[in-house]
Structures are given as C-alpha cells and as structure tokens.
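Please work through the exercises below with the sequence and the model side by side, and try each task before reading its solution.

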Amino acid sequence: MEGLTHLVAESLARNGYETSLDHRRLEWSNWLRCQSSFSVLLAPSKPGVFALGEEIMAPGGKRMLALFRIAEAEDLGMSLGRLFLSGNSEREKLSAGNCFVRYAVIEDAAQRQAAHAALQQWMAASCEAASGVSGEFTTHTFPSTSSQQGKTQAGTEEAGTDEEGAARPESENSAA
C-alpha cells in the first residue's frame with residue numbers, strides 16, 4: 001500500500017499537483033491506558049505518529065487529557081515498548097497508570113513528517129492559547145524515536161470514559 005501511495009504522490013507531483021496531508025483526517029487508534037509494556041503489545045510494527053497524554057482533573061471535577069508528547073516512529077510497536085525501558089525518563093510517569101497513548105499508522109515518510117510537524121504546531125498553538133505564554137518558553141526536546149526530534153508542549157484535550165473506565169476523548173476522530 002505504501003508503494004501505491006508513493007507512486008500516486010509522485011505522479012501528481014510530476015503533473016504539477018501539490019498534495020498535502022490533512023492531519024485532522026488521520027485514522028487514530030482508540031486511547032490505550034499505558035501502565036506497562038504489555039499495554040502497548042498490540043501496537044503495529046508499522047511507521048506512524050503517536051500521542052501521549054496524562055489524565056488530569058480540571059476545575060469542577062472534569063476529566064481531561066493533557067498531551068505531553070507527540071512523536072513520529074519508524075516502528076510504532078517498538079517505540080511504544082521502549083517507553084517502558086529502565087533508562088527512559090518518562091517510565092515512572094507512564095507506569096503510574098494515569099497516562100494514555102493513541103497512534104496513527106502513516107507509512108509514507110514525507111506524510112508522516114508533515115503530520116508530525118502539523119501536530120507539533122497544533123500543540124504549540126494550544127499551549128499558547130491555554131497559558132498565554134509564547135511557545136518559545138514551553139518547548140522541551142526529548143530523545144527521538146525516529147530520525148526527527150520529538151518536542152513537547154503542554155496541550156489539553158477533553159476526555160470522557162469508555163466501557164472499561166479508561167479515558168477517551170469526546171471525539172474519537174480528533175487529531176490527537
């Protein structure tokens with residue numbers, strides 16, 4: 001399938017058509033609770049992007065997810081599994097049971113990088129709007145899970161609960 005997407009994109013480019021990926025139309029997985037490496041065993045061994053969020057309680061007792069990392073990966077399964085290795089600085093936070101992950105498979109490298117960049121911009125804009133602080137003060141660099149560096153800004157997303165009591169966003173088709 002990746003080959004077909006690549007061939008179509010090349011053909012369109014040769015004929016003067018510029019294609020762009022709409023990051024809002026990505027096919028995201030459901031939110032999965034991150035408690036151990038076993039929680040992400042079913043993540044595919046395919047390239048894509050993933051988002052990590054931590055459940056927080058907003059004023060009024062409303063449950064929300066605060067996104068703390070969006071990254072791209074050459075192998076989603078391996079990258080998500082590595083989050084629980086002993087040397088990872090986020091391991092303790094993830095193991096506490098308040099964190100959730102969702103991912104989208106994007107096989108084309110250019111589209112994956114474009115989606116990652118668009119999601120980073122969205123997080124920066126969300127952070128700036130929520131805090132009133134410019135993005136230059138909220139950017140932190142984390143080790144990359146692919147050839148690109150992952151960056152983190154504090155973004156938030158409203159969440160509800162699913163049948164198992166795990167947090168999930170109100171709109172399952174939202175970007176992150």
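Three exercises follow, on a model that is predicted.

**Exercise 1. Find which strand has the lowest mean pLDDT among the elements of the protein and which the highest.**

Solution. Begin with the whole protein, whose mean pLDDT is 74, with 62% of its residues at 70 or more. Turning next to the elements, strand β6 (residues 150–152) has the lowest mean, at 36, whereas strand β4 (residues 99–105) has the highest, at 95. Finally, consider residues 137–176, over which pLDDT stays under 50, and for which the model has 118 contacts beyond four places in sequence.

**Exercise 2. Determine which residues have the most contacts inside the largest nonpolar core, and which elements each supply at least two of its residues.**

Solution. The largest nonpolar core holds 16 residues, and those with the most contacts inside it are C34, F50, L52, L80, L83, L94 and V101. At least two residues of this core come from each of β2, β3 (62–73), α2 (76–82) and β4. Another core, of 14 residues, lies apart from it and includes W28, V49, A51 and I70. To follow one member of the largest core, take C34: beyond its neighbours within four places in sequence, C34 is in contact with residues including L52, L94 and V101.

**Exercise 3. Decide whether L42 is buried or exposed.**

Solution. First locate L42, which is found in the loop between β1 (32–34) and β2 (48–58). The relative accessibility of L42 is 80%, and therefore this residue counts as exposed, the cut-off for exposed being over 50%. Together with F38 and L41, L42 forms a nonpolar patch on the surface, with about 430 Å² of accessible area for the three together.

Key:
Residues are numbered from 1 along each chain as its sequence is written. This is a predicted model: local features need pLDDT of at least 70, side-chain atom pairs count only at pLDDT 80 or more; totals for chains, interfaces and linings use all residues. Side-chain values use heavy atoms; hydrogens and water are left out. Patches are made of residues with over 30% relative accessible area and no salt bridge: like charges are joined within 9 Å, nonpolar side chains (Val, Leu, Ile, Met, Phe, Trp, Tyr) within 5 Å. Accessible areas come from the Shrake-Rupley method with a 1.4 Å probe; for residues, only the protein chains shown count as cover. A salt bridge is a side-chain nitrogen of Lys or Arg within 4 Å of a carboxyl oxygen of Asp or Glu. Helices (H or I, at least four residues) and strands (E, at least two) are DSSP runs, numbered from the N terminus. Buried means under 20% relative accessible area, exposed over 50%, partly exposed in between (1.4 Å probe, protein chains only). pLDDT is the predictor's confidence in each residue, from 0 to 100. Contact means heavy atoms within 4.5 Å. A nonpolar core is a set of buried Ala, Val, Leu, Ile, Met, Phe, Trp, Tyr and Cys residues joined through side-chain atoms within 4.5 Å.
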